[in-house]
Amino acid sequence: MKSSPSFHDSWFFIFFFFFLVVLSLIIFFVLKLRVLYCTCEICQAYVQSRWTSHFPNLCDWYAHLLKNSPTRTIHIHVLNNTITANPDNVEYILKTRFDNFPKGKPFSVILGDFLGRGIFNVDGDSWRFQRKMASLELGRVSIRAYSFEVVNQEIDRRLTPLLESVCTRNEILDLQDVFRRFSFDSICRFSFGLDPKCLELSLPLSKFAVSFDLASKLSAERAMFASPIIWKIKRLFNIGSEKKLNQAIKIIHILAREVIRQRRKFGFSDEKDLLSKFMTTISDETYLRDIIVSFLLAGRDTVASALTSFFWLVARHPVAEAAILHEAYKVIGLNKGPTSYEQIKELHYLHAAIYESMRLYPPIQFDSKFCLEDDVLADGSFVKKGTRVTYHPYAMGRMEEIWGSDCLEFKPERWLRDGVFFHENPFKYPVFQAGVRVCLGKEIALVELKSVAISLLRRFRVELVDGQEDKPRFSPGLTATFRDGLRVLVRARSSVSSQIINKNEKL
Ligand code: HEM
């Protein structure tokens, strides 16, 4: 006859069970640490932040490493990250083997709290659905003329008056901050059909902008931890940076919910903006909220970043500035700004200058995917399943074999053939990404960038204040941000015609 287990037997089983759990945890951490701990020079320089004594930014160090790699591909063991600046690899990842390099779960977990199920953070059916909806809207030819109208209204009603008032007071202005506010207003009007100034918000708009920046910065920092366990534990206990991230996201959600509420209030079935289109098919409030956050991120930070580096470069290159003004005089005449989308299309030198500026300072400096199954990149580099794979537009803009020995110089002419803008292979210049998931807002962004650039350059002269001459330092974040802003003095230009004659003398 079987006897029932004694008191001692039960304790033995409980003790044995806990022993097994603790043992498995120890084995798990030891295995993890073996991956995390690597004695190679690059990993040690990363872990101990030794690169900071030689390079102003992490992207500059990566560019240096990639330049010195024969294949233009490196692997950072402690991050399990393969990074490439080789255009053939970029084409392989973004087009040829697109299905094997999705955003992937690790990436979507890192950005999940901030971006949720928004287009930037999903793969598969959810991505296909949002891409189809957005491309139906953003792919329309008439959308460019519409974005021209929205952006130029914002320039005339808000941007120009603001700069005029600063001019008369002779104040130092942070142009990066101005561009962020401008692009935020523009994307809200364009994508959601709403003017953010008219939203009934419980907090000032600046609070949302600050929360947006913080959420972008802290989410990007999660990816820099050698192991996700560290930020996950902080999130579990809601401490430190994770507590701040949580608070910032809550504030962003208030804004997104208000956008949805207002859109419902004004009606959406007959409206032409992007959000109204989504609202006709989606009723899930959280899903709509995530879509809004992704579009805000897409349209605000990228455009502001591109404008900031463009004005920084143009202020340091008076010959290029003169050429931009000269072309504008020929195309637009004596008007202060462009009067139609057709005129914008004719500004080839300006287009080239904007492309050149983003070649050196791409708004999204690097972009990561996730390798689903073992693969071999076009340059022969083996990539193990589960590896993070990153292409690096910032480093690619500094590669001699792509751009020639003058690759570090700002030369808009390199984009022109007989005075007409010439498109390069998008895999050499993946600033808007390329291949299957290429940016959907590229054309709209270019209309916005060209309109702001020409309208401001014709009205104002932008002078960098001391200390802004040096190479920019960037803050960590999903898009490139000048750590100290772009501090400038803005001077009103004299009449357009005299300005052309003076500048022509410099040409
Ligand atoms: C200078 C401005 C811009 C740059 C440099 C830029 C660059 C990019 C890049 C690199 C990606 C891929 C990001 C990723 O893999 O997650 C992307 C995606 C995207 N962009 Fe842009 N973008 C700009 C402006 C805009 C604007 C103004 C809009 C909207 C009106 C927009 C809409 C999108 C969308 C919807 C995607 C997601 C595409 C997808 O995943 O299928 N972008 N953009």
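# A tour from the ligand to the sheet

Start at the ligand: by class, its surrounding shell holds 14 nonpolar, five polar and three charged residues. Keep in mind while looking that this is a predicted model.

**Stop 1: the ligand shell.** Select Ala298, Thr302, Cys439, Gly441 and Ala445, which come nearest among the 22 residues around the ligand. Next, colour helix 6 (124-138), helix 13 (285-316) and helix 19 (442-459); each of them supplies at least two residues of the shell. Which helix gives the most to the shell around the ligand? It is helix 13, with five residues.

**Stop 2: the open sheet.** Now leave the ligand and select strands 1, 2, 7 and 4. They form an open sheet of four strands in the order 1-2-7-4, and the pairing is mixed. Strand 1 (73-76) and strand 4 are the edge strands, each pairing on one side only. On average, neighbouring strands of this sheet are turned by 25° against each other, direction ignored.

**Stop 3: strand 7 and its two partners.** Select strand 2 (residues 81-84) together with strand 7 (residues 388-391): the two run parallel and are joined by four bridges. To follow this pairing residue by residue, find Asn81, whose bridge partner in strand 7 is Arg388. Then go to Thr84, which stands opposite Tyr391 of strand 7.

Add strand 4 (residues 367-370). Does strand 4 run parallel or antiparallel to strand 7? The two run antiparallel, and four bridges join them. Show Lys369 here; its bridge partner in strand 7 is Val389. While the side chains are displayed, recall that in a regular strand they alternate between the two faces of the sheet.

**Stop 4: the helix across the sheet.** Select helix 4 (residues 87-96). Helix 4 lies across strand 1, strand 2, strand 4 and strand 7, and runs at about 125° to strand 7.

**Stop 5: two residues with positive phi.** Select Ser49, in the loop between helix 2 (41-47) and helix 3 (58-68). Its phi is near 50°, a positive value in a residue other than glycine. Is Ser49 buried or exposed? Ser49 counts as exposed because 9 other C-beta atoms lie within 10 Å, and the cut-off for exposed is 12 or fewer.

Finish at Gln433, in the loop between strand 9 (420-421) and helix 19. The phi of Gln433 is near 60°, again positive in a residue other than glycine. Gln433 has 18 other C-beta atoms within 10 Å, so it is partly exposed; a buried residue would need 20 or more.

Definitions and conventions. Residues numbered from 1 in each chain as written. Predicted model: local features only at pLDDT ≥ 70, side-chain atom pairs only at ≥ 80, totals over all residues. Near = placed C-beta within 6 Å. Nonpolar A, V, L, I, M, F, W, Y, C, P; charged D, E, K, R; others polar. Pairing = 2+ DSSP bridges. Axes fitted to C-alpha atoms, helices over the stretch in contact; angles between N-to-C directions. Contact = placed C-beta atoms within 7 Å.
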